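Student: I should like a close look at one part of this structure, namely the contact between its two chains as seen from the first of them. Please describe that side in detail, and then set it in the context of the rest of the model.

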Amino acid sequence: MRTLLLLVLMGLPLGGHAAEGHNECGQLAKCDPVKIDLRDQPSLQRGARTFVNYCLPCHGASYMRYNRMGQDLGIPEDLLKEDMIFTGDKVGDLMKTAMRKEDAKEWLKTAPPDLTLVTRWRSPEWVYTYLRNFYRDDKSASGWNNLVFPNVAMPHVLYEWQGELRPAQPTAQAQDGKPVEKTAPTSERLEVAKPGAKTAAEFDRDMRDLTNFLVYLGEPAKLDRYRIGVYVLIFLAVFLVFAYLLKKEYWKDVH
Amino acid sequence: MNTKAGAWRRLLGWVDDRYPLSETWEAHLSKYYAPKNFNFWYYFGSLALVVLVLQILTGIFLTMHYKPDTGLAFASVEYIMRDVDWGWLIRYLHSTGASLFFVVVYLHMFRAFLYGSHRNPRELLWIIGVVIFIALMAEAFMGYLLPWGNMSYWGAQVIISLFDAIPVVGPGLAEWIRGDFVVADATLNRFFALHVVAVPLVLIMLVFIHIVALHKVGSNNPDGIEIKKKKDARGIPLDGIPFHPYYTVKDIVGTTVFLIVFTVIAFFIPELWGWFLEHDNFIPANILQTPQEIKPLWYFTPFYSILRATTSDMVAWGLTPLVIVMAALIIFSVKRARTRLVTSAIAALLLIGFYFIEAKVWGVVLMGLALGAFFLVPWLDRSPVKSIRYRGWMYKTALTFFTIAFIVLGYLGTKPPSGLYSLLAKIGLVIYFLFFLLMPWYTTFDKTKPVPERVTWK
Ligand code: HEC
Ligand code: HEM
């Protein structure tokens, strides 16, 4: 009986809940895996550089301060000022975007959301996949579309790096001989229409660095909490030994 | 040495003349006798105390930096996570503590079902416990609005709008709770006041009288035997040991193990894959953007499932026969004319109500009854024995089914209510209520084993 009840309690369906609805990647069956490693400081630095150059013009990271980022990623303050702050902000300021909301609405129809917590809301995998699946779509206002986020208002800002992609055309003739409409994604795959400045592998690496940085941005304390957690566990484990011995000593004379 | 001890004794004497310090210490700790056969399930009372203290302490520090204003709340939480020294730790301890509080309290309540702890003479102790449970739910519900994330917002919106369903007074009541026509700044402000001051005060007072009631009657134990019935010449229970030092040292061991579990979650997996902190709460509240699925945190989902399972089909094909069968059963087994009359009248009223009042209202009613049913357990349980160790197969089966139904309902509450899931939730709902409704019968007819004179141990 007791074991049965315990089994029932332990059967609490834990895993299945994982990021449900957040691992859905639009028209893709699932998001691509991405290796997140917050100890890889060069990767975080590269990601930060891409972020301030290519994303911050539209998106804010407005819960984060420049100098905190500098400290955590090992970027000295003068370098920060020279290379990474373009808005005239001070190093202790929040990383706000220079774009005004009203302008953004007028230019892009949708105000770009703040990205500080985007990997915690979506998931690192979602962001990584999203950034790599823009394709040419002449029907959209920006000229771009995205497999992960259909009809997205964001243009492919890194197209010079990645080049231009288009939905992979079915190799066999379209069924019934009817021509397949060009811009509609007929498959889950994109193919290169015009190559960019980087190879696919280089671009993937850059997007991995950027995603890695966005994960850091979502929770800077992550750098500390694993480390401190280990010390707390060691302390508790040692304490447990003594607490147990004390209990055993006292309970010797309970019969 | 001697003079030091002498000084200490003189000071204590001075205090004792003016305040019952030693007396309280002895009455509640060093000469309070608890059964010596407590097992695993008896850790959770002291663990609940530990978590209560932890929530209050971390809550105080959060309050120093949190801003109860719809324009500032979300950012102030992120400020705590980034700019306040150790702020991330304080926040994760508080969010992890909230969920673990419910884990601890659910296990604490489950213990009562295992060992009959709610039975005479502990009915009042149990009732105070159920009130604590309800206060705790209110506390958690209001706390969840404070970060002003999108799920905070929509969760509160949905739950408060339940009151709209109540006939006549509903809409006015919902508006009174919100202080506005929708969840808004006024709501956030009052929830802050209630979460930070009012409900914690109530909780602390309730926990205090919970302990007072406990020490008046003394603890039950895994054998369900009253140790006070067998005392030695000095009037000390033969199977009792002083709470201090025996259970203080034992509870320190239990607390340490609990803190290890706590640390693993708070430091390594504070979101617990969306179970303790939901992904949709990492974007600020947005009236224009409904989350894919609005669902409360896990500890509310069994009750949320019951609410959602009460569709008009359920009322017609589930509740109607249930009421008829229960009424027939009561009329058949109770001979008193008055009882039969009252039963028929209530059943008739319910059936008329099922026909005329919409299912949504019955969902709210059932959710209330799902909680209220706990109050009645001490009187629904008619078994001559308390502990599951000496009960027969009927009670064991009923409790197993109830536990499974509770967990399954909890799981389904986190999922969209489609086809199979919604059918399962309806079955779960019926099992949930049958556990209580049929209790007087299966505990009466169950074949029990003889209870020993003294507690069994080791
Ligand atoms: C020209 C302005 C612009 C630039 C530059 C830009 N974005 Fe965007 N981005 C947008 C807009 C507008 C949206 C909103 C799309 C929508 O809702 O349809 C968006 C949406 C997003 C989203 C989806 C957010 C969500 O969860 O809905 C992500 C992720 C994102 N951008 C990442 C980036 C990254 C990373 C960069 C830098 C490489 C970047 N963006 C550069 C305009 C921009
Ligand atoms: C803040 C929440 C609570 C605290 C701090 C608390 C504290 C305690 C403590 C310290 C004990 C004695 C130790 C033990 O038996 O485990 C106890 C016993 C008990 N509690 Fe609670 N409790 C809480 C909530 C509840 C709830 C929600 C219920 C039931 C609905 C409940 C019902 C009982 C009962 C029946 C006992 C006696 C158990 C026995 O003797 O077998 N308590 N509580």
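Tutor: The account below begins with the contact between the chains and then moves outward to each chain and its ligand.

The model is a predicted one, and the contact between the chains takes 37 residues from chain A and 36 residues from chain B. On the side of chain A that touches chain B, four elements each supply at least two residues: α1 (2–10), β1 (61–65), α6 (118–121) and α10 (222–251) of chain A. The largest share of that side comes from α10(A), which gives 15 residues. Sorted by class, the side of chain A that touches chain B holds 27 nonpolar, four polar and six charged residues.

Two of these contributors deserve separate comment. For residues 1–21 of chain A, a stretch that takes in α1 (2–10), pLDDT stays under 50. The model has 23 contacts beyond four places in sequence for these residues. The strand β1(A) is largely enclosed by the rest of the structure, because four of its five residues are buried. β1(A) is joined by two bridges to strand β2 (residues 94–95) of chain A, and the two run antiparallel. Within this pairing, A:R65 stands opposite A:L94 in β2(A).

Chain A as a whole provides the setting for these elements. Its secondary structure comes to ten helices and six strands, and 30% of its 255 residues count as buried. Among the contacts in chain A with a separation of 6 or more, 74% are between residues 24 or more positions apart. The average pLDDT of chain A is 86, with 84% of the residues scoring at least 70.

Two individual residues of chain A may be added. A:K109 has a positive phi of about 75° although it is not a glycine. The loop between α5 (101–108) and α6 of chain A holds A:K109, and this residue counts as exposed because it has 10 C-beta neighbours inside 10 Å. A:R205 belongs to helix α9 (residues 200–218) of chain A; its 14 C-beta neighbours inside 10 Å make it partly exposed. Between the C-alpha atoms of A:R205 and A:A104, which are 101 residues apart along the chain, the separation is 29 Å.

Ligand 1 has 22 residues around it, of which A:C55, A:C58, A:P112, A:A153 and A:M154 come nearest. Two elements of chain A, α2 (41–55) and α7 (124–131), give two or more residues to the shell around ligand 1. The largest share, three residues, is that of α7(A). By class, this shell has 19 nonpolar, two polar and one charged residues.

On the other side of the chain contact is chain B, which is divided into domain 1 (26–274) and domain 2 (295–447). The centres of these two domains, taken over C-alpha atoms, are separated by 26 Å. Their contact takes 24 residues from domain 1 of chain B and 19 residues from domain 2 of chain B. On the side of domain 1 of chain B that touches domain 2 of chain B, the elements giving two or more residues are α5 and α6 of chain B. Of these, α6(B) gives the most, with seven residues. That side of domain 1 of chain B has 15 nonpolar, six polar and three charged residues.

Both α5 and α6 of chain B also appear around ligand 2. The elements that give two or more residues to its shell are α3 (44–65), α5 (87–115), α6 (123–145) and α9 (185–217) of chain B. Ligand 2 is surrounded by 26 residues, the closest being B:G45, B:A48, B:S117, B:G129 and B:N220. These 26 residues divide into 16 nonpolar, nine polar and one charged.

Some local backbone features of chain B complete the description. The loop between α5 and α6 of chain B holds B:P121, and the peptide bond from B:N120 to B:P121 is cis, with omega near 5°. Another cis peptide bond joins B:H244 and B:P245, with omega about 10°; B:P245 is found in helix α10 (residues 243–268) of chain B. B:L272, in the loop between α10 and α11 (301–309) of chain B, has a positive phi of about 40° although it is not a glycine.

Definitions and conventions. Residues numbered from 1 in each chain as written. Chains lettered and ligands numbered in written order. Predicted model: local features only at pLDDT ≥ 70, side-chain atom pairs only at ≥ 80, totals over all residues. Near = placed C-beta within 6 Å. Nonpolar A, V, L, I, M, F, W, Y, C, P; charged D, E, K, R; others polar. Contact = placed C-beta atoms within 7 Å. Domains from an automatic or database assignment. pLDDT = per-residue confidence, 0-100. Buried ≥ 20, exposed ≤ 12 C-beta atoms within 10 Å, placed from the backbone. Pairing = 2+ DSSP bridges.
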